[in-house]
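Here's a quick walk through a structure you can turn around on your screen as you read. Keep the viewer open and follow along.

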Amino acid sequence: MKHSSGKNESVNNGAVKSCAESIRPLKKKGLLQKTSMAAGIFCQIIALFCLVMTYLESQTLGMEDVITASYLASTFFFSTCGIVMIIIGKADLPDLSISGLSEDK
């Protein structure tokens, strides 16, 4: 009896090999990615400051005050902005330069 699993393994190994050959090397982090990472960390620090100010203002003025709501909105904005900037800074981008393509061939 023939086992079809042996045939599938050889096909899968060929598919994996061809995919591995087509993967381009990753390039180093550029200036904009490093700047994005620094801006993301800075936004997280500002968000933490706004969160502390939200707590302090809510103790003195209450949660119904406009200033407290502004600090709360700023906390949300800076924390989500920081998350996005950190993700952009950590992204592993492939080398898509023309010189990288000519070296492969």
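What follows is a tour of the fold, its two central topics being helix packing and side-chain pairs.

**Overall layout**

First things first: this is a predicted model. The protein has four helices and zero strands, so listing the elements from the N terminus on simply gives α-α-α-α. Of its 105 residues, 15% count as buried. About 8400 Å² of the protein is exposed, and carbon and sulfur atoms supply 69% of that area. As for how the chain comes back on itself, take the contacts with a separation of 6 or more: 78% of them are between residues 24 or more positions apart.

**H2 and H3**

Let's look at H2, which covers residues 31-60. Does its length fit its residue count, and what span should 30 residues give at 1.5 Å a residue? The expected figure is 44 Å, and the end C-alpha atoms of H2 sit 43 Å apart, which agrees. H3 (66-90) gets the same check: with 25 residues, H3 reaches 36 Å from its first C-alpha to its last, close to the 36 Å expected. Just past H2 comes glycine 62, with a positive phi near 95°.

Which residues of H2 are buried? They are Gln33, Ser36, Gly40, Cys43, Ala47, Cys50, Met53, Thr54, Glu57 and Ser58. Part of what covers them is helix H3. Seen from the other side, H3 has Thr68, Thr75, Gly82 and Gly89 as its buried residues, and these pack against H2.

Isoleucine 88 gives you a handle on this pairing. Isoleucine 88 belongs to H3 and, leaving aside neighbours within four places in sequence, is in contact with Gln33 and Ser36. Both of those contacts are on the list of buried residues in H2. The C-alpha atom of isoleucine 88 is also 9.4 Å from that of leucine 32, though the two residues are 56 apart along the chain.

**A nonpolar patch**

Now turn to the surface. Leu48, Leu51, Val52, Tyr55 and Leu56 make a nonpolar patch of about 490 Å². Valine 52 is one of these, and it is found in H2. Why can valine 52 be part of a surface patch? Patch members need over 30% relative accessible area, and valine 52 has 43%, so it clears that cut-off.

**Cysteines**

How many disulfides does a search of the whole structure find? Zero. Cysteine 81 is in no disulfide, and the nearest cysteine sulfur, that of cysteine 43, is 4.0 Å away. The cut-off is 2.5 Å between sulfur atoms, so a pair at that distance isn't counted. Cysteine 81 is partly exposed at 25%, while cysteine 50 is buried at 6%.

**The salt bridge**

The whole structure holds one salt bridge. In it, the side chains of lysine 29 and aspartate 92 meet at 2.9 Å, N to O. The pair links distant parts of the chain, 63 residues apart: lysine 29 is in the loop between helix H1 (4-22) and H2, and aspartate 92 is in the loop between H3 and helix H4 (98-104). Lysine 29 is partly exposed, whereas aspartate 92 counts as exposed.

**Accessibility side by side**

Here are the relative accessible areas for the residues picked out above.

| Residue | Relative accessible area | Class |
|---|---|---|
| Cysteine 50 | 6% | buried |
| Cysteine 81 | 25% | partly exposed |
| Lysine 29 | 32% | partly exposed |
| Isoleucine 88 | 42% | partly exposed |
| Valine 52 | 43% | partly exposed |
| Aspartate 92 | 54% | exposed |

Why does aspartate 92 land in the exposed class? Exposed means over 50%, and aspartate 92 has 54%, so it qualifies.

Conventions: Residues numbered from 1 in each chain as written. Predicted model: local features only at pLDDT ≥ 70, side-chain atom pairs only at ≥ 80, totals over all residues. Heavy atoms only, no water. Patch = residues over 30% accessible without salt bridge, like charges linked within 9 Å, V, L, I, M, F, W, Y side chains within 5 Å. Areas by Shrake-Rupley, 256 points an atom, 1.4 Å probe, with all protein chains shown as cover. Salt bridge = Lys/Arg side-chain N within 4 Å of Asp/Glu carboxyl O. Helix = DSSP H or I, 4+ residues; strand = E, 2+ residues; numbered from the N terminus. Buried < 20%, exposed > 50% of the residue type's maximum accessible area, 1.4 Å probe, protein only. Expected span 1.5 Å × (residues − 1). Contact = heavy atoms within 4.5 Å.
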